[in-house]
Amino acid sequence: YLRGRGIYVPGQMTVTGFDGVPEALRRGLTTVVQPSVEKGRRAGQLLHRPPRSGLPVVEMLDTEVVRGRTSGQPA
């Protein structure tokens with residue numbers, strides 16, 4: 001899509017995926033990777049046993065950016 005409109009990746013735009021999809025990684029897409037199994041497990045725990053306070057829960061998971069061919073140098 002971008003190439004068809006004359007936009008150069010990564011020179012003019014960075015394209016980033018999410019969740020480290022294996023096919024995207026194989027093709028060189030820059031992507032953010034999180035522990036999907038742990039994310040799902042924790043979401044299930046919160047659904048079945050929500051906090052008694054009723055307040056939202058904020059948790060940080062280990063996150064890694066795997067740089068592929070679709071991201072350039074920072075401006």
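Two strands are taken to pair if DSSP finds at least two bridges between them. In this predicted model, strand 1, residues 16-18, meets that condition with strand 2, residues 30-33: the two run parallel and are joined by three bridges. Within this pairing, Phe18 lies opposite Val32 of strand 2. Strand 2 also pairs with strand 3, residues 64-66, again through three bridges, but here the sense is antiparallel. Thr31 faces Val66 of strand 3 across this second pairing. Strand 2 is thus a handy place to begin a tour of the structure, as it takes part in both pairings.

A closer look at strand 2 brings us to Thr30, which belongs to this strand. Thr30 counts as buried because its relative accessibility is 4%, and the cut-off for buried is under 20%. Beyond residues up to four places away in sequence, Thr30 touches Val15, Thr16 and Gly17 on the one hand, and Val65, Val66, Arg67, Gly68, Arg69, Thr70 and Ser71 on the other.

Val57 offers a second stop, this time outside the strands, in the loop between helix 2 (36-48) and strand 3. With a relative accessibility of 39%, Val57 counts as partly exposed, because that class covers values between 20% and 50%. Leaving aside neighbours within four places in sequence, Val57 is in contact with Leu46 and Pro51. The C-alpha atoms of Val57 and Leu46 are 8.5 Å apart, and eleven residues separate the pair in sequence.

Technical notes
Residues numbered from 1 in each chain as written. Predicted model: local features only at pLDDT ≥ 70, side-chain atom pairs only at ≥ 80, totals over all residues. Heavy atoms only, no water. Helix = DSSP H or I, 4+ residues; strand = E, 2+ residues; numbered from the N terminus. Buried < 20%, exposed > 50% of the residue type's maximum accessible area, 1.4 Å probe, protein only. Contact = heavy atoms within 4.5 Å.
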